[in-house]
Amino acid sequence: MISPKLRGVRASIISILCTLSLSLSPLADTAVAEGDCSIADSAIHTASDIRGLRIKRSVPCRLQSRDEVEHYLRDAIARKIPEKKLKGEERVFKLLGLIDKNYDYTNGLIALYTDQIGGYYDPEKDYYAMAGWMPAAFQMPIAVHELTHALQDQHYNLERFVDDTHVFGDALM
């Protein structure tokens, strides 16, 4: 049996490999300046072709700064994840020695996500946010990935599957 930690590592590796393979594909050859939402229309069509999900409606793209992305993350965490759950995760990770005992878990998560995020799909407001600082070579694969979530939402209503307040870890994934 694979431990949850190993499953998470395996899923991360698969995600990285998929992103790298997309970035090395012809999709990445699209000449786009940093932070250009003009690729969103092409990206959602590519996602539709790859996933076999029909586009039911267009998805607006919003170019966002680091500050805007951080604000979104702080707001989403504050609204959707109970403080007790975050504190519990922090305590467990510290007890397991996965993070330092003085590490500020919530702010650390926000800093990590802000640094690593290339974009996101907001199912509540139905838009794709592109990180304005993302290099052109990564924009198309990230947009295709995030707009896949938009298509999934159009077909399956993603919000009904996501309940951070009661569902945890692998069950949520």
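Helix α6 has 21 residues, which at 1.5 Å a residue should span 30 Å. Its end C-alpha atoms are 30 Å apart, in agreement with that figure. The model is predicted. In it, α6 (residues 136-156) lies across strands β2 and β3. The protein as a whole has seven helices and three strands. One disulfide turns up in a search of the whole structure.

**Overall make-up**

- Along the sequence, the elements follow the pattern α-α-β-α-α-α-β-β-α-α.
- The protein has 173 residues, and 35% of them are buried.
- About 10800 Å² of the protein is exposed. Carbon and sulfur atoms supply 58% of that area.
- Take the contacts between residues at least 6 apart in sequence: 69% of them join residues at least 24 apart.

**The sheet**

- The three strands form an open sheet in the order β1-β3-β2. The pairing is mixed.
- The edge strands are β1 (61-64) and β2 (119-122), and each pairs on one side only.
- From one strand to the next, the twist averages 25 degrees.
- Strands of a sheet pair through backbone hydrogen bonds, in either a parallel or an antiparallel sense.
- β1 pairs with β3 (residues 127-131) in the parallel sense, over four bridges.
- Leu63 stands opposite Met130 of β3.
- β2 pairs with β3 in the antiparallel sense, also over four bridges.
- Asp122 has Tyr127 of β3 as its bridge partner.
- Gly119 and Tyr121 point one way from β2. Tyr120 and Asp122 point the other way. All four of these residues are buried.

**The β2-β3 hairpin**

- Four residues lie between the strands of this hairpin.
- Asp126 sits in the loop between β2 and β3.
- Phi of Asp126 is positive, near 55 degrees, in a residue other than glycine.
- Asp126 has a relative accessibility of 18%, so it counts as buried; the cut-off is under 20%.

**Helix α6 and what follows**

- α6 runs at about 15 degrees to β2.
- Asn157 comes just after α6. Its place is in the loop between α6 and α7 (169-172).
- Asn157 is not a glycine, yet its phi is positive, at about 55 degrees.
- The relative accessible area of Asn157 is 38%, so this residue is partly exposed.

**Helix α5 and its neighbours**

- α5 (residues 105-116) has 12 residues. From first C-alpha to last it reaches 16 Å, close to the 16 Å expected at 1.5 Å a residue.
- Tyr105, Gly108, Leu109, Ile110 and Thr114 are buried in α5.
- An α-helix has 3.6 residues a turn, so residues three or four places apart point the same way.
- The buried residues of α5 pack against two helices, α3 (66-80) and α4 (83-95).

**The disulfide**

- Cys37 is joined to Cys61 by a disulfide, with an S to S distance of 2.0 Å.
- The link of Cys37 and Cys61 is left-handed, with -65 degrees about the S-S bond.
- Cys37 lies in the loop between α1 (4-23) and α2 (40-51), whereas Cys61 lies in strand β1. The pair therefore ties together parts that are 24 residues apart in sequence.
- A disulfide is a covalent bond between the sulfur atoms of two cysteines.
- Cys37 is partly exposed, at 22% relative accessible area.
- Cys61 is partly exposed too, with a relative accessible area of 22%.

Terms used
Residues are numbered from 1 along each chain as its sequence is written. This is a predicted model: local features need pLDDT of at least 70, side-chain atom pairs count only at pLDDT 80 or more; totals for chains, interfaces and linings use all residues. Side-chain values use heavy atoms; hydrogens and water are left out. Buried means under 20% relative accessible area, exposed over 50%, partly exposed in between (1.4 Å probe, protein chains only). Contact means heavy atoms within 4.5 Å. Accessible areas come from the Shrake-Rupley method with a 1.4 Å probe; for residues, only the protein chains shown count as cover. Two strands pair if DSSP finds at least two bridges between them. Axes are lines fitted to C-alpha atoms, for helices over the stretch in contact, and angles run from 0 to 180 degrees between N-to-C directions. A disulfide is a pair of cysteine sulfur atoms within 2.5 Å. The expected span of a helix is 1.5 Å times one less than its number of residues.
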